[in-house]
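Trainee: Could you walk me through how the labels on a structure like this get decided? I'd like to see the cut-offs behind the words.

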Amino acid sequence: MKVWVIAELKEGELRRVSLEAVAKATELGDADVLELHSDERASALAGATALAERARAGAPDLILVGATPAGRDLAARLAAKLGWTYLSECAELRIEDGQAVAVRSMYAGKVRATVSGTLPAVVSVRAGIAQVADAAPPRPGSVQVAPSGEGLEFVRFEETKTTGTRVPLGEARVVVSGGRGLKGPENWKLVQDLADVLGAALGASRAVTDAGWRPNEEQVGQTGKTVTPDLYIALGISGAIQHLAGMSSSKVIVAVNKDPDADLLKIADYAVVADLFEFVPAFTEELRKVVARD
Ligand SMILES: Cc1cc2nc3c(=O)[nH]c(=O)nc-3n(C[C@H](O)[C@H](O)[C@H](O)COP(=O)(O)OP(=O)(O)OC[C@H]3O[C@@H](n4cnc5c(N)ncnc54)[C@H](O)[C@@H]3O)c2cc1C
């Protein structure tokens, strides 16, 4: 079983979802990592044309791409050019009787559908598709995949948009998100301070991004980003189904809400019924002490 992974870089670093795709590819068969050479993500079109040519020649059984905005774009174009099966945004993937069988969320996470298609296939995979070590992602060229070396070839595509110095939301192991309960952008320091102590990425509900309190790229949910961190902390977010669609696969969920009936508290591992304006500064301070001690 010959598997190619199209690895994506952001600001020179391999994306975590690409590393997970490599881990998955290694589990499924012989993995080759390809990195698409291009300075601009805009070249998904040119990239798809070049990759389709290589794929026809190299004949992999499966091509995995991280389901980032750029990755989804590239994967769909590539599958269309090749006329292969295309399975998008898959949370699980296995090969059965010569078919790619995948599980994907539909209808804002209400339904988990099992979909399948004959090989060869192009599959875009979501963060969480496989476990990778928590060590800092290696630089391009240093990814170790089996089999060692032979035919390892790099084609790279890079997303140029930057979200500043914080960990990108889609790859963060810890996310701190704020909702309308924060009352206004002037109170975001509470979210940022907590995120700083934890080295977390910032997230937000759509109520917040629609109100312009925070940039759209921080929105978590059905029409925002899907995140699967080890820890997701939600401050003043009610837990609408569209928000849950983007974060309910997080390993540990902490929700702070003054309303004991808030939906997010029902799925939280740690449900804190409290006024966030009292709880969050005290919590951040305590965490700061713990971090300083360690
Ligand atoms: C097609 C569609 C797509 C959507 N996509 C998304 C999406 O991708 N992501 C998303 O998030 N939403 C999405 N939404 C919107 C979603 O339905 C909700 O409206 C939104 O998530 C609500 O945001 P919120 O929880 O911040 O606000 P609210 O629902 O207003 O909740 C605020 C919460 O803060 C609590 N609170 C208030 N004050 C305090 C305090 N002092 N201390 C503690 N808690 C407090 C309240 O009890 C309440 O639970 C979508 C909607 C539609 C129709």
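Mentor: Let's take the aromatic pairs, then burial, then a pocket.

Mentor: Some ground rules: this is a predicted model, where local features need pLDDT of at least 70 and side-chain atom pairs count only at pLDDT 80 or more, while totals for chains, interfaces and linings use all residues. Residues are numbered from 1 along each chain as its sequence is written, and side-chain values use heavy atoms, with hydrogens and water left out.

Trainee: How many aromatic pairs does a search of the whole structure find?

Mentor: The search comes up with two. Rings of Phe, Tyr and Trp (for Trp, its six-membered ring) pair if their centres lie within 6.5 Å; planes under 30 degrees apart count as stacked, over 60 as edge-to-face and the rest as tilted.

Trainee: What makes Trp188 and Trp213 an edge-to-face pair?

Mentor: Their centres are 6.3 Å apart, and the planes meet at 65°, so they pass the 6.5 Å limit and the over-60 rule. This pair links distant parts of the chain, 25 residues apart: Trp188 is in helix α4 (residues 188–198), and Trp213 is in the loop between α5 and β13 (231–235). Helices here (H or I, at least four residues) and strands (E, at least two) are DSSP runs, numbered from the N terminus.

Trainee: Why are Phe279 and Phe283 called stacked?

Mentor: Because their planes are at 25°, with the ring centres 5.1 Å apart. Both sit in helix α8, four residues apart, about one turn of the helix.

Trainee: Why does Trp188 count as buried?

Mentor: Buried means under 20% relative accessible area, exposed over 50%, partly exposed in between (1.4 Å probe, protein chains only). Trp188 has 1% relative accessibility, so it counts as buried. Phe279, at 24%, is therefore partly exposed, and Phe283, at 25%, is too.

Trainee: What share of the 294 residues of the protein count as buried?

Mentor: That's 49%.

Trainee: And what makes something a pocket?

Mentor: On a 1 Å grid over the protein atoms alone, a pocket is an open set of points where a 1.4 Å probe fits, with protein on both sides within 12 Å along at least five of seven lines; lining residues have an atom within 4 Å of a point. The second largest pocket has a volume of about 470 Å³, which is the space filled by probe spheres set on the points, joined across faces, edges and corners. Of the 26 residues lining that pocket, the closest to its centre are Arg180, Ser205, Gly236, Ile237 and Ser238.
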